[in-house]
Structure formats: C-alpha cells, structure tokens
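Biologist: Could you take me through the aromatic pairs here, please? I would love a close look at how the rings are arranged and what sits around them.

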Amino acid sequence: MAFADMDVDTIWMDGEFVDWEDAQIHVLSHALHYGTGVFEGVRCYDTERGPAIFRWEEHLDRLFDSGKPYGLEIDHSREELTEATLELIRRQDLDSCYIRPLAFYGYNSLGVSPGDCPTRTMIACWPWGAYLGDEALEEGVDVMVSSWRKHASSQIPTNAKATGPYINSLLAGEEARSNGYVEAIVLNKEGNVAEGPGENIFVVNDGVIYTPGLAESILDGITRKTVIELARERGYAVHDEATISRGELYTADELFFTGTAAEVTPIRTVDDNVIGEGTRGPVTEDLQSAFFDLVERRTDDHDDWFRYVDE
C-alpha cells in the first residue's frame with residue numbers, strides 16, 4: 001500500500017509535529033549522499049487493552065547504540081522520543097501500526113566527514129500488515145540464496161542498524177524478486193548463512209532450533225531474541241550461536257524468518273529445493289502461534305515488553 005492511500009497525516013520531526021507533506025529536508029543533507037543515518041522498525045499491536053508498542057525500550061536501546069560507531073548523537077531524550085511516539089499514534093487514531101524512528105546527519109556541508117552537520121530526528125508511523133504477504137504467514141515463502149554477500153563487521157558495524165548499509169539488503173532482495181522469489185538469504189564473507197535482507201533466519205532439525213550467532217555478521221534482531229526466549233520457555237533446545245552452511249538450508253526440516261516487519265514467516269523453498277514437507281512445519285507453527293498470542297495479548301506473559309499507548 002502506497003503512503004498516498006493511507007490515512008496518516010502527521011510526522012514528528014525535530015521536536016515538533018508537522019503535516020506529513022511538510023516533513024522535508026534539504027537535498028544536500030549529508031545522510032542523503034552518504035547514508036549516515038540510524039533507524040528502527042517497531043510494531044504497535046491492537047490488543048484488548050488498546051494499542052501497545054512491542055519492546056519499545058529495546059528498540060530505543062539499539063537506536064542510541066547504533067549511532068555510537070558513527071559519532072551520531074541524538075539530540076532528544078528517550079523520554080521525549082517515547083512521548084512523541086505515543087502522541088503520534090494517538091493523533092492519528094491508529095490501533096496498530098509500524099513505527100519508524102530515524103536520526104541522521106542533516107544539512108551544513110558535504111564533505112565525507114559530517115563535520116558540523118546537525119543531527120536531525122524524525123518519527124513516522126503508519127498501518128502495515130504482513131511484510132511478506134498475508135498468505136506467507138501460513139503458506140511460507142520461496143527464497144533464493146543471493147549472489148551478494150553480507151558485509152563483515154570489520155567493514156561496517158553489523159550491530160548498528162544504519163541506513164547506508166541497507167543498500168546491501170536492497171541488492172539481495174531485488175535480485176531475488178527479479179528472479180521470481182519473494183525474498184533472499186544472504187551469506188557472510190566466509191560463505192556461511194547470515195540472514196535475510198531484513199530478517200534473521202532459523203533452522204529446525206529433529207525439533208532442535210539453530211540460528212546464526214552474532215559473529216556471523218547478523219543484526220542482533222529483537223524479534224530474534226523474542227523467539228529464542230519463547231522457544232526455550234516451551235522446552236526447545238536453541239543454539240543461538242550456530243554456524244550454518246548453505247547446504248544445511250536445503251536439508252533442514254523447517255526454516256523460518258523473524259523480524260519486526262516479517263514477524264515469524266515460514267520458508268517453504270530455497271533455490272527451488274522444498275524444505276521439509278513444503279508447508280509450515282510444526283515447530284514453526286508452534287512458535288508463530290506463541291508469538292502472535294503474545295503480541296496480541298491473548299496471554300499475560302511478558303507484559304513488561306509492552307508500552308500501552310492509552311495508559
């Protein structure tokens with residue numbers, strides 16, 4: 001759905017609420033030329049207690065931490081960003097939405113060094129359903145292993161969620177879509193499985209769960225951490241520092257993606273190889289149900305992970 005088709009009209013920008021169309025920057029802003037911004041993707045869910053932001057504090061932690069390698073200091077407190085987000089959701093009367101905070105170097109000079117460029121900050125939110133499609137949550141998605149490799153942490157910090165490095169994700173994802181697949185899987189420079197363009201990946205074999213560790217050049221996903229905890233609570237053995245080869249993808253019993261946008265999405269084929277029975281596997285279905293029961297608050301577990309908009 002294009003933004004023009006959505007009933008949203010307000011963005012918070014540098015401490016003020018502005019009309020959607022007026023949230024603009026100069027074309028010589030540093031971030032536009034060099035990708036010097038950090039961002040988050042957060043979901044707010046419609047629950048019986050009203051709209052609730054999922055793991056907001058953890059997302060704020062990562063936002064502020066992401067700026068550190070780039071010397072980017074956000075000029076607004078956590079409390080100010082929180083109140084701005086809550087008010088933005090209220091003003092637009094959103095029951096559920098995707099939230100995008102972004103901090104970036106703005107307009108002043110255009111050398112590679114940001115120099116005295118100011119840090120700009122914005123928050124937007126809008127309705128957004130299943131990232132990989134509604135049917136994908138049940139039927140799974142067809143993916144390919146991309147020819148593009150994930151950059152190493154010795155090249156660009158992989159624990160920071162920065163705007164510029166996402167060109168890597170764009171290349172991998174567009175390669176997959178141009179070849180008729182829904183999404184890609186990227187390998188790291190060693191040729192081991194890293195992640196999807198915007199998702200972490202999990203492998204299930206004989207009821208045991210594996211996911212690449214942080215040393216494999218992955219982003220430390222918040223949904224990843226959530227699913228690991230939910231899985232362990234349900235008695236599954238989880239190896240969260242795994243090294244996974246490309247070939248192990250093809251022989252897995254089950255595969256699934258996790259992410260704020262993707263939530264918990266099964267993978268049914270990789271490079272046209274059918275995974276398991278070619279349907280959502282039992283472990284994936286169990287964890288998917290546990291995740292949605294949690295975020296839609298059909299269970300009281302982990303209430304401290306939620307920030308209720310109207311409380």
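Modeller: Happy to! Rings of Phe, Tyr and Trp (its six-membered ring) count as a pair if their centres lie within 6.5 Å; planes under 30 degrees apart are stacked, over 60 edge-to-face, and the rest tilted. By that rule the structure holds eleven aromatic pairs. One of them joins Phe54 and Trp305, edge-to-face, with 6.2 Å centre to centre and 75 degrees between the planes. Phe54 belongs to strand β5 (residues 50-54) and Trp305 to the loop between α8 (282-295) and β17 (306-308), so this pair ties together parts 251 residues apart in sequence. Helices (H or I, at least four residues) and strands (E, at least two) are DSSP runs, numbered from the N terminus.

Phe54 and Trp305 are both buried, meaning under 20% relative accessible area, where exposed is over 50% and partly exposed in between (1.4 Å probe, protein chains only). Ring pairs also link Phe54 and Trp305 into a cluster with Tyr45, Phe291, Phe292, Phe306 and Tyr308. In addition, Arg55 lies over the face of Trp305, 3.9 Å from the ring centre; such a charge needs NZ of Lys or CZ of Arg within 6 Å of the ring centre and within 35 degrees of the ring normal.

This is a predicted model: local features need pLDDT of at least 70, side-chain atom pairs count only at pLDDT 80 or more, and totals for chains, interfaces and linings use all residues. Residues are numbered from 1 along each chain as its sequence is written, and side-chain values use heavy atoms, leaving out hydrogens and water.
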